[in-house]
Amino acid sequence: MQFTQKEIVIKGNRVVYFDEGFLDGIPILFVHGFPFNKEMWKKQLIAFGDTHRVIAYDVRGHGRSEPGSVEFSVTQFADDLLLFMEALKLDKIVVCGLSMGGYIAINAVEKEHKRITALILCDTQCNADTIEGREKRIKTIALIRLSGLKKYADEMVNNLFAQASINTMPEEVTFIRESILHTNPDTVCKTLQALADRKDSCDELAKTKIPVLIMVGREDKITPPEAAKKMHELIPGSTFEIIDGAGHLSNLENTKIFNARLMTFLKSIK
Ligand code: MLT
């Protein structure tokens, strides 16, 4: 698949995205985790492009999308997602979000449930940060402001991947480290604050009536399987899949099983 970067200006802010695949198929909109960008979905865009329109965009400030001048928050990111859907005239869409992408997708469904017909939540959670988690983010912001992203990127990589992936997937590990290092430090700090401030969405998520697939890497240390199982138990009729051989980046670490589970789900909601 040839990837063409497209861009659109929404409320004066440039959003950069891929929009590929079978244009008549039901669109799937992929929302990346933090602090990555749309490139993390390339293997899914290739796999699903024969049957679906596949779209992945850079969240405000990440990848090539401009940060703009508004305050970062998960609610703002969800508003951005809905405006992006509107700009691309996407009336019926499946949204697939990983980690921060999941937080954004959950918030977007809360705000506008009619155009989102199904939800795929990968390596994410509906809980807000714990007090300790929040404090850790605030300390990290101070460290990054003081000394940049390098140490943060090294620590993140160790937390993001399953140990076996660190040993056997050097390309993916380098790709993720580079994605982190290429993110503007100001965006990383502002997004850390936004994540620390995000509200608990579990009660709202429990009201969801659309089909939901929840996937999580068995060795996800950041949003562990228990957090995913909690969402599954809250959402009647949701599908829950644990992906073996994966940490927090299940779409990259076990692409074959991730894509197979996603395909089965997409066929079930036709
Ligand atoms: C992500 O992958 O988006 C982040 O790990 C989310 C978080 O830190 O809560």
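These are my notebook entries on the sheet, one helix pair and a few backbone oddities in a predicted model.

**Entry 1: the sheet**

I began with the strand order. The sheet is open and has eight strands, in the order E1-E2-E4-E3-E5-E6-E7-E8. The pairing is mixed. I then looked for the edges. They are E1 and strand E8 (239-243). Each has a single partner strand, so one side of each is left without a neighbour in the sheet. I also noted the twist, which averages 20° from one strand to the next.

A reminder to myself on pairing: strands in a sheet pair through backbone hydrogen bonds, in either the parallel or the antiparallel sense.

**Entry 2: the E1-E2 hairpin**

I went to the E1 end next. E1 and E2 are antiparallel, with five bridges. I took one pair as a register mark: Glu 7 has Val 16 in E2 as its bridge partner. The two strands form a hairpin with two residues between them.

Which residue in the turn has a positive phi? I found Lys 11, at about 50°. Lys 11 sits in the loop between strand E1 (6-10) and strand E2 (13-21). I checked its accessibility too. Lys 11 has a relative accessible area of 75%, over the 50% cut-off, and is therefore exposed.

**Entry 3: strand E4 and its partners**

I moved on to E4. On one side, E2 pairs with strand E4 (residues 53-57) in the antiparallel sense, over five bridges. Two register marks went down here. Glu 20 is opposite Val 54, and Asp 19 is opposite Ile 55. E3 also pairs with E4, in the parallel sense and over four bridges. In that pairing I noted Phe 30 opposite Ala 56.

Is E4 covered or open? I counted five of its five residues as buried. I then split the strand by face. Arg 53, Ile 55 and Tyr 57 are on one side, Val 54 and Ala 56 on the other, and all are buried. Both faces of E4 are thus covered.

**Entry 4: Val 54**

I stayed on Val 54, in strand E4. Its relative accessibility is 0%, so Val 54 counts as buried. What does Val 54 touch, leaving aside residues up to four places away in sequence? I listed Met 1, Phe 18, Asp 19, Glu 20, Gly 21, Ile 28, Phe 30, Leu 45, Phe 48 and Gly 49. Glu 20, its opposite number across the E2-E4 pairing, is among these contacts. I also took one distance, C-alpha to C-alpha: Val 54 and Gly 102 are 17 Å apart in space and 48 residues apart in sequence.

**Entry 5: H2 against H3**

I turned to the helices. Two packed helices are described by the angle and the distance between their axes. For helix H2 (residues 74-87) and helix H3 (residues 100-111), I have axes that come within 8 Å and cross at roughly 70°. That angle falls in the 65 to 115 degree range, so H2 and H3 are roughly perpendicular to each other. The crossing is right-handed.

Which residues make the contact? From H2 I noted Val 74, Thr 75, Phe 77, Ala 78, Asp 79, Leu 81 and Leu 82. From H3 I noted Met 100, Tyr 103, Ile 104, Asn 107, Ala 108 and Lys 111. I sorted the H2-H3 contact by class and got nine nonpolar, two polar and two charged residues.

I also placed H2 on the sheet. H2 lies across E1, E2, E3, E4, E5 and strand E6 (116-122). H2 runs at about 110° to E1.

**Entry 6: backbone oddities**

I closed with the backbone. Most residues other than glycine have a negative phi, and most peptide bonds are trans. Lys 11 departs from the phi pattern, with a positive value near 50°.

Ser 99 is not a glycine either, and has a positive phi of about 55°. I placed Ser 99 in the loop between strand E5 (93-98) and H3. Buried or exposed? Ser 99 has 7% relative accessibility, under the 20% cut-off, so I logged Ser 99 as buried.

Where is the cis peptide bond? I found it joining Phe 34 and Pro 35, with omega at about -5°. Pro 35 lies in the loop between strand E3 (28-31) and helix H1 (42-48).

Key: Residues are numbered from 1 along each chain as its sequence is written. This is a predicted model: local features need pLDDT of at least 70, side-chain atom pairs count only at pLDDT 80 or more; totals for chains, interfaces and linings use all residues. Side-chain values use heavy atoms; hydrogens and water are left out. Axes are lines fitted to C-alpha atoms, for helices over the stretch in contact, and angles run from 0 to 180 degrees between N-to-C directions. Angles under 35 degrees count as roughly parallel, over 145 as roughly antiparallel, 65 to 115 as roughly perpendicular and the rest as oblique. A crossing is left-handed if the near helix is turned anticlockwise from the far one by less than a right angle, and right-handed if clockwise. Contact means heavy atoms within 4.5 Å. Ala, Val, Leu, Ile, Met, Phe, Trp, Tyr, Cys and Pro count as nonpolar, Asp, Glu, Lys and Arg as charged, and the others, Gly among them, as polar. Buried means under 20% relative accessible area, exposed over 50%, partly exposed in between (1.4 Å probe, protein chains only). Two strands pair if DSSP finds at least two bridges between them.
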